[in-house]
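Visitor: I have a few questions about this protein and its ligand. Could you take me through them?

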Amino acid sequence: MAEETLFTKIINGEIPADIVYREGGVTAFRDINPRAPTHVLIVPDKPIPGVNEVAEADAEVLGKLFLAAKKIAEQENIAADGYRLIINCGKNAHQEVFHLHMHLLGGHDLGCMVAA
Ligand code: AMP
């Protein structure tokens, strides 16, 4: 039995979230602490802890994260102006929730990449 994460609880409806997308083993919901006008977390329903733990068998669902990002960006009307996708992995990237997720950020000029 895979370990229950905060995001598993959201996916299962055990804790509330503003879900914007759910399809083919991927769920997406608004970040509780948004860093941009649109800030959505795109999460595989399978609780993969992070990028270090992805396996060959996860290739299909990982592709679906990108397809979801594209569809949600269209849904949120940010596709044309552009957006940023971020996946934090581990300590140096300040990963807080160990259930793999892609941040979709947009809705204004996000600046250049990250601080040095
Ligand atoms: P990361 O640092 O990449 O692990 O990002 C975790 C993200 O989860 C942060 O941006 C948090 O604001 C967000 N977060 C934490 N708890 C919740 C929640 N209950 N609902 C939505 N987003 C959350």
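Visitor: How many helices and strands does the protein have?

Guide: Keep in mind that this is a predicted model. Along the sequence, the elements follow the pattern α-β-β-β-α-β-β. The count is 2 helices and 5 strands.

Visitor: What is the radius of gyration of the protein, and how does it stand against the globule rule?

Guide: The C-alpha trace spans about 40 × 30 × 25 Å along its principal axes. For 116 residues the globule rule gives 13 Å, and the protein comes close to that, so it is as compact as a globular protein of that length. Its radius of gyration is 14 Å.

Visitor: Where does the ligand sit?

Guide: Start with the shell. Two elements each give two or more residues to it: α1 (6-11) and β2 (26-30). As for the site, the ligand occupies the largest pocket.

Visitor: Which element gives the most to the shell around the ligand?

Guide: In total, 17 residues surround the ligand. D31, R35, E96, H101 and H103 are the closest. With 3 residues, the top contributor among the elements is α1.

Visitor: How many residues of the shell are charged?

Guide: Sort the shell by class. Nonpolar residues number 7 and polar ones 6. The charged residues number 4.

Visitor: Which side chain has an N or O atom 2.5 Å from an oxygen atom of the ligand?

Guide: Take the contacts in turn. H94 uses a backbone N or O atom, 3.0 Å from a ligand oxygen. The side chain of R35 places an N or O atom 2.8 Å from a ligand oxygen. The 2.5 Å distance belongs to the side chain of D31.

Visitor: How much of the ligand's accessible area does the protein cover?

Guide: On its own, the ligand has 500 Å² of accessible area. The part covered by the protein is 89%.

Technical notes. Residues numbered from 1 in each chain as written. Predicted model: local features only at pLDDT ≥ 70, side-chain atom pairs only at ≥ 80, totals over all residues. Heavy atoms only, no water. Near = heavy atom within 4 Å. Polar contact = N/O pair within 3.5 Å; in protein donor to acceptor, adjacent residues only side chain to side chain. Areas by Shrake-Rupley, 256 points an atom, 1.4 Å probe, with all protein chains shown as cover. 1 Å grid on protein atoms, 1.4 Å probe; cavity = no way out; pocket = protein on both sides within 12 Å on 5 of 7 lines; lining within 4 Å. Sits in = over half its atoms within 2 Å of the grid points. Helix = DSSP H or I, 4+ residues; strand = E, 2+ residues; numbered from the N terminus. Nonpolar A, V, L, I, M, F, W, Y, C, P; charged D, E, K, R; others polar. Rg over C-alpha atoms; globule rule 2.2 N^0.38 Å.
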